[in-house]
Each structure stands twice: as structure tokens, then as C-alpha cells.
Amino acid sequence: MFYHDGGKLQYPVRVEKPSPLFAKALQQAIGGVQGEVRVCLQYLFQAWGARGPAKYRDMLLETGTEEMAHIEMLATAVALNLEGAPLEQEEAAKDPVVMAAMGGMNIQHAIGTCMAAMPVDSEGVPFNCSHVYASGNVAADMLANATAESTGRMLAVQLWKMTDDPGMKDMLSYMIARDTMHQNQWLAAWEELGGPENHPIPNSFPQENENSDYAYAFMSFGIGDDFETPRGEWTKGKSFDGKGSNSVVRMRPLGDKPQLGAASPKTAAQKGQMKK
């Protein structure tokens, strides 16, 4: 069950210098692949399918609900940045600066929403949930969440740099701080679950059933005398999970050329394909 506190925002949102162009940029933080709709749904779906210790489900519900509040803040910021935007070409033509600003705005803000935010990215592409990751494996989900917060923080930092509006900088500074917390939060949960000992994920599969020759081998596919395998901690010493030793394998074909035979007469293939 979810509650709403009478329309009050989680954090103050104010705009001193409305900018339709910045409103368009803010849409990425709402409906983009790095945006708040994505992480809100990701955390909530992870929670709704969570099994095991209840505290992980509860934590996901708390943060998923917080992300709803971030969507509300950003939607408010979009609306405030659209206040005063020209709705008619005649009005815009009076001021070339205004005309230039209108040229960069999302026209759907004017013709489709009466100057309000939409569940789309900065290019107007609707959010479609293709980047909502909820695997049911807590360790895998925590790493996915840390990545989501990392790219979200990257976006918020860039938006902070794009504006000189004090109110927008203040709001984005708050959201950047929350991204910092959430990155640490998800990684803390991952470490609590076992950290490197979580790996390989899922750790419930017996590793003796793997082909051990390739479990900790970095495969190098370069050819030529001047090719050098990219070396690092992934090519030497103990593996990240501490369960093996890294090595390098210069790859060569291990299988034969596939022979699929003739096409079936029952398919829509050409006659020539039905001959061996």
C-alpha cells in the first residue's frame, strides 16, 4: 500500500528563470533509461518478487517509494520551467531569443500536455520498461541497482552543469546526494550478502558442474604478431571471487564447421536450399 502526503514535495522545487529547453532536458531524468521512472519500477518489481530475508524487500519498497517522490519533483520542475513559454508563433516572433528557446523545446509540452511533464525521455520516446531489471536474485539485483544509480548520478551531474538557475541547482544537488546514498546502500546490501563470495552469481549452482578449464580464463581473440592481449587483474593472480586463478587463453576454434543440411520442404525456403 502506498500513501501520499497531500501533494507536498519530498524536497523544495523552485525555478527562478524558466527554460523550456531545460524542461526538455529534465525529461531524460524522468523517462530516460537513466531516469527515475526506471529505478522506481525496478526497485518496486524487485521488492514485489523478493524472497528470503524480509529486510531486503522492505528496503527496496522504501527506496522505490522514494523514487516516486523524485518523479514528482522532476515533473514539478518541468512544469515550472515551462511557465511563460510561448504558445503561439506570433508571440515568439516578437523576441528572437524566445524564438530560439522555443526552437529547442519539446513541442509536445505545448500541444499535448498544456505545459506538463510526460513519461518520456528528452527525445520524446516513451518509457517502455525494457531497462527494468528484476531478476529475483538479490545479489544480482543489488549490482544492477548500483549501476542504475551510477548512470542516474552521471545524468544528474550533467543536468546540474547545464543550468545556472539556483533553484534547479539546489534540487539537482539534493538528487545527486540521494544517488550517492543509494549507490552505497545497494553495495552495502551486496556486501552484507557476501560481497565477492556471492560470485559467481548464482552461487547456488555447484561449480564442479562447470567446465573448469574456462571458468577463470580470459579469452583473447587477436591475431597477428603485433597483437597484445589486454593485461590486468583479470588475467593474473587470484580471481575476484577467490575461488580460482586467472589465466589467458589464446582462442582457436574448438568446434567443427556447422553442417545444417538442406532446408526442409515444409518451410518457405528456396528450392535451391532444399538440395544438399
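A salt bridge here is a side-chain nitrogen of Lys or Arg within 4 Å of a carboxyl oxygen of Asp or Glu. By that rule the count comes to 5 salt bridges. A word on the ground rules: this is a predicted model, where local features need pLDDT of at least 70, side-chain atom pairs count only at pLDDT 80 or more, and totals for chains, interfaces and linings use all residues. Residues are numbered from 1 along each chain as its sequence is written, and side-chain values use heavy atoms, with hydrogens and water left out.

**Salt bridges**

Here are three of the pairs.

| Pair | N to O distance | Citation |
|---|---|---|
| R14 and D170 | 3.7 Å | salt bridge |
| K17 and D164 | 3.3 Å | salt bridge |
| K55 and E192 | 2.7 Å | salt bridge |

Take R14 and D170, whose side chains meet in a salt bridge. R14 sits in the segment before α1 (20-31) and D170 in helix α8, so this pair ties together parts that are 156 residues apart in sequence. Helices and strands are DSSP runs numbered from the N terminus (H or I, at least four residues, for helices; E, at least two, for strands). For exposure, buried means under 20% relative accessible area, exposed means over 50%, and partly exposed is in between (1.4 Å probe, protein chains only). R14 counts as partly exposed because its relative accessibility is 39%, and D170 counts as partly exposed at 26%.

Next come K17 and D164, another salt-bridged pair. K17 is in the segment before α1 and D164 in the loop between α7 and α8, so the two tie together parts 147 residues apart in sequence. K17 is partly exposed at 46% relative accessibility, whereas D164, at 56%, counts as exposed.

Then there's K55 with E192, a salt bridge with its closest N and O atoms 2.7 Å apart. That one links distant parts of the chain, with K55 in helix α3 and E192 in helix α8, 137 residues apart. K55 has a relative accessibility of 48% and counts as partly exposed; E192 is partly exposed too, with a relative accessible area of 48%. Salt bridges that share partners also join R14, E16 and D170 into one network.

**Helix packing**

Two packed helices are described by the angle between their axes and the distance between the axes. The axes are lines fitted to C-alpha atoms, for helices over the stretch in contact, and angles run from 0 to 180 degrees between N-to-C directions. Helix α2 (residues 36-48) packs with helix α3 (residues 54-82) at an angle of about 160 degrees, their axes 8 Å apart. Angles under 35 degrees count as roughly parallel, over 145 as roughly antiparallel, 65 to 115 as roughly perpendicular and the rest as oblique. So α2 and α3 are roughly antiparallel to each other.

Helix α7 (residues 138-162) and helix α8 (residues 166-192) have axes that come within 8 Å and cross at roughly 160 degrees. That makes α7 roughly antiparallel to α8.

**A nonpolar patch**

F2, F45, W48 and M68 form a nonpolar patch on the surface, with about 410 Å² of accessible area together. Patches are made of residues with over 30% relative accessible area and no salt bridge, with like charges joined within 9 Å and nonpolar side chains (Val, Leu, Ile, Met, Phe, Trp, Tyr) within 5 Å. Accessible areas come from the Shrake-Rupley method with a 1.4 Å probe, and for residues only the protein chains shown count as cover. F45, which lies in α2, counts as partly exposed at 47% relative accessibility.
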